[in-house]
Amino acid sequence: MSKIDSYEYTLAHTVMRKAPFQSVRQALAGVWPLYGAAFAMAMGLSVLWTAIPFIVRNIGGTEEHVGYALAANMFGYLLCLLFTAAKLGHLNPRRTTRAAAAAMFLATFVMLVAAYYAMAGDRLGRPGLIWTVIAAGTVAGGAMSLYWPYLMAWVSADYEGVALNRRLGTYNGMWSSAAILGPMIGGAIVDLSTSGPVAVSAAALATCFALLYLAHDGSAGTAASSRSLDAPVIDYDRRLLLCLKWMARTSLFCSWLWFSVARTQFALRFTEMGFSETLFGILLTTFGICNFLTLTGAGRVGFWHFKPVLLFCVQPALAISVLLLVYGRTFWAFALSFVILGCAFGFAYSSHIYYGVCGNKKRSKQMAIHEVTISLGVVVGSASGGYLAGHYGVYEPYWFAMIALALGLAAQAVIWVVLRKN
C-alpha cells in the first residue's frame, strides 16, 4: 500500500472506531433542514442569474452591463467575505445565515420592483433603472458572504474522514441539484416575463429563510467556536495536503472564471445565433446535471483523494469546453461543451472544499477562503468578458479564458514542484 493510500485507510478505520457518534448515518441526522436551505438558496440564485443577462438586455442594458451585473454581485460578495473572514468568524451560523437570507430577499425585491417598473412603464434603457438592478445585486452579493461560508462550516463542523466526505457530498448534491432545475426554470420564465425570474428567486429566498428556522443541527456551536473538533485526529501529510489545496484552488478559480464567461457572454451570443432563452436554460441544466453527478459521486467515494494527477486534468478539460463554444455551430456541440464544463467544474469544487477542511479546526475561515476563490473567478471572468466583448469583439472573452486556463495549468505545475513532498 502506498503512503497516500494509507491516509485513506487510516481515515476510514479511525472513523469506524469512533462509532456510533461518528457513524455516517449519525453524521447526516438532524441536518436535513440545512440541506433544504442550501437547495432553496441555490435554486433562487440559479433561476435569477441564468435570466439576468436577458433581464438586463430586456430593460435596455448592453453587453457591458450584463458582464458588470454578475461581476458587481460577486465583487460585493468578495469585499464582504474578506471582512467576515477576518472579523466575524466567531458568529453563530444559525443567526448569521438567517440574517443573510433576509437581506438577500430584500435586495432581490428591490431588483424585482426596478425590472417591473422598467418594463411596465416602457422606461427601457434608463441608466437609473439598469444600475438599480446592478446595485441591488451587489447588496445581495454582500449579504451572501454571511450565508455560504457559515452554512458550510455548520454542515462540516464536528466531522472528519468518511463522515465528513459523506456529509459534504450530500450538501454538495443538494445545492448542485438546484442548478439542474433552476436554469431551466429561469430560461423558460424569462421567455415569458422579464421580471418573472426575479419573483421566483425572491420566493425561493423566503423558503430558505423558513427552513433555516427549522434547522437545529448541533454542529452550529462548534462551527462558531475555536475549540477542538469532536472528531478523530488524523495525521495528514501537511506538505502534500498544502500542495493539493493550492492546486485545487487554482482549478476552482479557473473553473469559475470560464463558467462566468459562458453564462454571461455566451448567453447573448447564443440567442443572437437564433436559439431561444429556454434552450440556453437547457444548456445550463445540462451543466447542472453533470456538476451534480460529479459532486455527489465524489462525496460517495474517496478513490480520488490525494491523487494530484486528476487536478492536472481540469484545465485541459476546460480548454476543450472553450473551443467547442468558439468553433461549434450546433446545439449538440454546445451541449457537449457544457457537459465537459460541468464534470471538470464539479471535480474542482469537490477537491477544494475537501482539501480545505481536512484537519482544520476553524472551518468558517476555510469556507470563506473557498468562497473568496469563487468570487474572484467570477469577478475576473464576468467583468473582463463584458469589457472585452463590448470593446474588442464577441470572441475575445473566450481567448481571454484560454490564456487564463493555460496560466492556471502552469501555476499548478509550479505548485507541485515547489510544495510536493520530496
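Display the whole chain as a cartoon: this predicted model contains 17 helices and zero strands. Of the 422 residues of the protein, 59% count as buried. Among contacts with a separation of 6 or more, 88% join residues 24 or more positions apart. With a surface representation switched on, the exposed area is about 15900 Å², and carbon and sulfur atoms supply 70% of it.

**Colour by confidence**

Colour the protein by pLDDT. The mean is 83, and 83% of the residues reach 70 or more. Select helix 14 (residues 314-327) and then helix 1 (residues 3-17): confidence is highest in helix 14, at a mean of 96, and lowest in helix 1, at 38. Residues 1-29 have pLDDT below 50, although this stretch has 50 contacts in the model beyond near neighbours in sequence. Where pLDDT is low, the predicted coordinates should not be read in detail.

**The nonpolar core**

Which residues touch the most other members of the largest nonpolar core? Select W148, W258 and F338, which hold that position in a core of 120 residues. Next, highlight helix 11 (residues 238-272), which gives the most to this core, with 18 residues.

Centre the view on W148 and show its surroundings. Leaving out residues up to four places away in sequence, W148 touches A38, M41, A42, L45, Y77, Y171, W175 and E371.

**Helix 14 and its neighbours**

Return to helix 14 and select L318, which is found there. L318 counts as buried because its relative accessibility is 0%, under the 20% cut-off. Beyond its neighbours within four places in sequence, L318 is in contact with C254, S255, W258, L341, A344 and L405. One of these, W258, is also among the three residues that touch the most other members of the largest core. A distance label drawn from the C-alpha atom of L318 to that of G342 should read 9.3 Å, for two residues 24 apart along the chain.

Now select Q315, which lies in helix 14 as well. Is the side of the model occupied by Q315 buried or exposed? Q315 is buried, with a relative accessible area of 2%. Its contacts, not counting residues up to four places away in sequence, are T250, S251, C254, L405, G408, L409 and Q412. C254 and L405 thus appear in the list for Q315 and in the list for L318.

**Helix 5**

Move to helix 5 (residues 93-120) and pick T96. T96 has a relative accessible area of 7% and is buried. Show L91, L146 and Y150, which T96 touches when residues up to four places away in sequence are set aside.

**The salt bridge**

How many salt bridges does a search of the whole structure find? The search finds one. Display the side chains of R57 and E277, which meet in this salt bridge at 2.7 Å, N to O. The pair links distant parts of the chain, with R57 in helix 3 (residues 32-58) and E277 in helix 12, 220 residues apart. Side chains of opposite charge can pair when their charged atoms come close. The two partners fall into separate accessibility classes: R57 is partly exposed, at 31% relative accessibility, whereas E277 is buried, at 12%.

**The loop between helix 12 and helix 13**

Follow helix 12 (277-300) to its end and select the loop that leads to helix 13 (308-312), where F303 is placed. F303 is exposed, since its relative accessible area of 59% is over the 50% cut-off. Add V301, V309 and L310 to the selection: with F303 they form a nonpolar patch on the surface, with about 360 Å² of accessible area together.

F306 is found in the same loop, between helix 12 and helix 13. Unlike the exposed F303, F306 is buried, at 0% relative accessibility. Inspect the backbone of F306 as well: its phi is near 60 degrees, a positive value in a residue other than glycine.

**Helix 9**

Finish at helix 9 (residues 196-214), where L214 lies. L214 is exposed, with a relative accessible area of 56%. Select V31 together with L214: their C-alpha atoms are separated by 10.0 Å, while the two residues are 183 apart along the chain.

Definitions and conventions: Residues numbered from 1 in each chain as written. Predicted model: local features only at pLDDT ≥ 70, side-chain atom pairs only at ≥ 80, totals over all residues. Heavy atoms only, no water. Patch = residues over 30% accessible without salt bridge, like charges linked within 9 Å, V, L, I, M, F, W, Y side chains within 5 Å. Areas by Shrake-Rupley, 256 points an atom, 1.4 Å probe, with all protein chains shown as cover. Salt bridge = Lys/Arg side-chain N within 4 Å of Asp/Glu carboxyl O. Helix = DSSP H or I, 4+ residues; strand = E, 2+ residues; numbered from the N terminus. Buried < 20%, exposed > 50% of the residue type's maximum accessible area, 1.4 Å probe, protein only. Core = buried A, V, L, I, M, F, W, Y, C linked by side-chain atoms within 4.5 Å. Contact = heavy atoms within 4.5 Å. pLDDT = per-residue confidence, 0-100.
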